[in-house]
Amino acid sequence: MKKRLAFFPIVLSFYSNQLLAQNFRILSLNFKPMFGNSVLQLNDSVYKLNKNDSIQFETLKFYVSAIEFWNNSAPVWIEPNSFHLMDASDSNTLKLAFKVPSDMIYAEIKFKLGIDSLTNVSGAIGGDLDPTKGMYWTWQSGYVNFKLEGKSNLCRSRKHEFQFHLGGYTHPYNALQTISLLTSNLQDVSIKFDLKTFLSDVDLENKPSVMSPNKDALILSNQLGKLFKIKE
Amino acid sequence: MNWRRNVSVCLLFICVSAFVASKDGLFNIPLNWPKPNYNFSKNPLTKDKIDLGRALFYDPILSQNNTISCSSCHSQFTSFAHVDHALSHGIYDRIGTRNAPVLINLAWNKTFMWDGAINHLDMQALAPISHPDEMGESIEHVIYKLNQSKIYHHLFFKAFGDSIASGEHLLKAISQFMLTLVSANSKYDSIKQKKSVLTLKENNGYQLFKKNCSSCHTEPLFTNQKFENNGLPVDLELKDFGRMKVTQNPIDSLKFKVPTLRNIEFSYPYMHDGRFKNLNAVLDHYVRGIVKSKTLALQLEQPIVLSANEKVDLISFLLTLSDKKFLFNPEFGYPKNLLISLPKD
């Protein structure tokens with residue numbers, strides 16, 4: 001009796017190892033912030049919306065969460081605990097890699113731009129969600145989903161600065177964006193989004209800063225959500 | 001047959017230790033109280049984490065020039081409200097715009113701050129740390145300073161098995177200390193446990209309280225946790241519209257969180273801006289100061305009528321909510337012993 005009992009865990013772990021022994025492949029997602037046709041660089045690079053303006057970027061940070069791969073309208077792979085802080089000042093953060101079953105076929109990638117409302121009310125969390133990452137509002141609880149800061153001669157603000165801290169998790173200003181992109185079972189996926197298009201729709205002159213969850217933040221977030229595209 | 005005995009001894013041990021774990025005295029739900037709102041499974045209390053949180057609560061290292069600690073505005077002998085200040089005083093003596101509330105029974109709170117701007121106890125500390133008129137710091141720099149300190153290397157390691165401080169661990173530890181601040185040892189509580197009785201006057205006050213006040217200041221926590229407009233005239237200088245700032249919805253204009261009335265004897269001055277110096281002035285407000293407006297609470301549409309004697313009785317009931325054991329509980333005070341036993345920086 002004693003002996004059989006002692007064997008039990010070993011037998012169990014043997015079987016579960018068998019089940020887990022599958023072949024995997026590495027799938028990579030590479031987020032590429034663009035300005036028109038060029039990959040966006042922070043700080044020294046100067047960009048133009050039109051002939052007579054100039055734009056420089058200091059900060060670009062955003063959350064990508066809830067990454068899923070779909071096929072035939074059903075998920076085939078879901079990343080557990082999926083929260084990633086993307087920071088343009090550290091290109092490593094823009095590249096994600098996933099270990100998926102080698103026979104997995106997918107036709108669609110889904111993810112969220114920002115942090116869902118449940119996570120927003122769950123208290124202190126570590127890793128990419130740690131409040132020291134500069135993506136948490138202090139005077140009113142909630143994550144900043146997307147942060148873009150820089151300067152432009154178009155802005156009438158102090159030092160010509162613009163700041164977009166977009167977020168908000170409660171109705172009617174829930175700014176979380178769900179993004180679905182059709183694709184063709186690629187191994188290495190580049191996901192681009194063009195900040196030139198984004199800024200063309202922004203009133204840099206009169207509204208160079210949106211810093212709290214409100215209607216403006218919601219509108220800008222909706223526009224941003226439409227800019228993500230896969231380039232094959 | 002030996003294994004059977006071993007297993008049953010084992011089982012017995014597991015049962016006993018599970019029993020002990022919930023009865024370890026770190027947090028007990030007082031008799032007949034509702035379940036706490038705080039999710040302890042995400043931040044299970046331990047003695048070492050509470051100790052760390054307590055050290056942080058009393059340490060001015062959390063402020064920009066190392067002069068202001070949480071306890072500067074929340075002192076134990078006023079039930080962790082701000083001593084005798086209508087508007088709280090922070091760094092460089094800058095004055096804030098609101099009165100510091102008591103810090104008790106926070107495990108039951110659904111939201112924090114007078115307008116509910118903070119959604120979780122863990123996130124509360126971020127607000128004063130980074131407020132330019134309170135502690136004027138940034139959480140990033142606080143973490144940097146803590147990581148230079150031998151004392152905190154030691155305390156973080158004991159608490160989390162990691163001597164490097166992180167935002168998550170800092171906030172969770174401060175929460176742990178605040179969660180232990182349970183006040184449930186007033187005369188009112190001993191009456192509910194049938195260990196004591198109200199005097200005639202107190203009992204008369206209790207009946208008046210149940211009639212006029214308890215729809216908002218609901219027992220046993222003495223708050224229904226809702227946001228209400230209790231008819232205070234707007235302070236034209238502060239122009240504080242309360243909950244509306246958070247929801248941006250005009251139906252929330254002038255609504256503030258219903259505060260607990262436990263330890264109300266010690267937490268003067270009263271209201272979100274500390275406009276009333278004593279309980280008499282508060283009752284005068286409810287009897288003849290109510291300002292009508294679109295968002296005024298329905299219960300206060302009709303005037304509350306209280307005679308001079310009834311006011312005295314009502315106040316004598318409010319004083320039965322005082323918990324002196326809490327105010328003088330050495331476990332909530334400055335952690336002298338903890339700090340002497342540690343390596344110096």
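A salt bridge is a side-chain nitrogen of Lys or Arg within 4 Å of a carboxyl oxygen of Asp or Glu. Keep that in mind for this predicted model, where local features need pLDDT of at least 70, side-chain atom pairs count only at pLDDT 80 or more, and totals for chains, interfaces and linings use all residues. Residues are numbered from 1 along each chain as its sequence is written, chains are lettered from A in the order in which they are written, and side-chain values use heavy atoms, with hydrogens and water left out.

**Exercise 1.** Describe how chain B meets chain A.

*Solution.* Start with contacts (heavy atoms within 4.5 Å): 22 residues of chain B touch 22 residues of chain A. Next, take the buried area (accessible area, 1.4 Å probe, that two parts lose on being put together, summed over both): about 1900 Å², with 58% of it on carbon and sulfur atoms. Now apply our opening rule, which finds 0 salt bridges across this interface.

**Exercise 2.** Work out where Ser186(B) sits and whom it touches.

*Solution.* First, locate Ser186(B): the loop between α8 and α9 (187-192) of chain B holds this residue; helices (H or I, at least four residues) are DSSP runs, numbered from the N terminus. Second, check accessibility: Ser186(B) counts as buried because its relative accessibility is 3%, where buried means under 20% relative accessible area (1.4 Å probe, protein chains only). Finally, list its neighbours: leaving out residues up to four places away in sequence, Ser186(B) touches Arg262(B), Thr320(B), Leu321(B), Ser322(B) and Asp323(B).

Technical notes. Helix = DSSP H or I, 4+ residues; strand = E, 2+ residues; numbered from the N terminus. Buried < 20%, exposed > 50% of the residue type's maximum accessible area, 1.4 Å probe, protein only.
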